[in-house]
Amino acid sequence: MPLRSTSAATPSRQLDHPEPADIRLEEVLHACADPMRLRIIQALAADAAAACGEIGLACSKSTATYHFRVLREAGVITQRYQGTAKVNELRRADLDAVFPGLLDALLASATAQSGRTREA
């Protein structure tokens, strides 16, 4: 999958993101299938941009880094450096253009599922 660099920082600090036309449904669905990554998506849908540490995942830093990388490489989020932190944003416009309604359906399903889990 061709990737584009979205950072004007030094080459060692550039992050690659797929072009909108290269975002593949199977990769997006795979990225969204993991509960930890779905939690990240929900957090970013509620807050336009957040640093990795602001999302409050219950896992090690290396595990969190892995989950953010999977989401970025699938085209679900963008990441950019702001100082020493990576700021994450949901690629809502790109995902809605390529897969209309998919993100809203995933978020609605995740919300409904978390409601059922709390009731149980």
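**Figure 1. Arg72 in helix H3 of the predicted model.** Arg72 is part of helix H3. Its relative accessibility is 8%, so Arg72 counts as buried, the cut-off being under 20%. Leaving out residues up to four places away in sequence, Arg72 touches Leu15, Asp16, His17, Pro18, Ile77 and Gln79. One of these contacts, Leu15, lies 57 residues from Arg72 along the chain. The C-alpha atoms of Arg72 and Leu15 are separated by 8.9 Å.

**Figure 2. His67 in helix H3 and its contacts.** Helix H3 spans residues 61–74 and contains His67. With a relative accessibility of 7%, His67 falls under the 20% limit and therefore counts as buried. When neighbours within four places in sequence are set aside, His67 is in contact with Asp34, Met36, Arg37 and Ile40. Among these, Arg37 also takes part in the contact between helices H1 and H2, which is the subject of the next view.

**Figure 3. Contact of helix H1 with helix H2.** Helix H1 covers residues 25–33 and helix H2 covers residues 35–46. Their axes come within 5 Å and cross at roughly 95°. Because angles of 65 to 115 degrees count as roughly perpendicular, H1 is roughly perpendicular to H2. On the H1 side, the contact is made by His30, Ala31, Cys32 and Ala33. On the H2 side, Pro35, Arg37, Leu38 and Ile41 take part. By class, the residues of this contact divide into 6 nonpolar, 1 polar and 1 charged. His30 is the polar residue and Arg37 the charged one.

**Figure 4. The largest cavity and its lining.** The count of cavities of 30 Å³ or more comes to 1. About 50 Å³ of space lies in the largest cavity. Which residues line the largest cavity? The lining consists of Val28, Cys32, Val76, Leu95, Phe99, Leu102, Leu103 and Leu106. These lining residues divide into 8 nonpolar, no polar and no charged. Helix H1 and helix H5 (102–119) each supply at least two residues of the lining. The largest share, 3 residues, comes from H5. Cys32 belongs to this lining and also to the H1 side of the contact with H2.

Key: Residues numbered from 1 in each chain as written. Predicted model: local features only at pLDDT ≥ 70, side-chain atom pairs only at ≥ 80, totals over all residues. Heavy atoms only, no water. Axes fitted to C-alpha atoms, helices over the stretch in contact; angles between N-to-C directions. Helix = DSSP H or I, 4+ residues; strand = E, 2+ residues; numbered from the N terminus. Parallel < 35°, antiparallel > 145°, perpendicular 65-115°, else oblique. Contact = heavy atoms within 4.5 Å. 1 Å grid on protein atoms, 1.4 Å probe; cavity = no way out; pocket = protein on both sides within 12 Å on 5 of 7 lines; lining within 4 Å. Points joined across faces, edges and corners; volume = space filled by probe spheres on them. Buried < 20%, exposed > 50% of the residue type's maximum accessible area, 1.4 Å probe, protein only.
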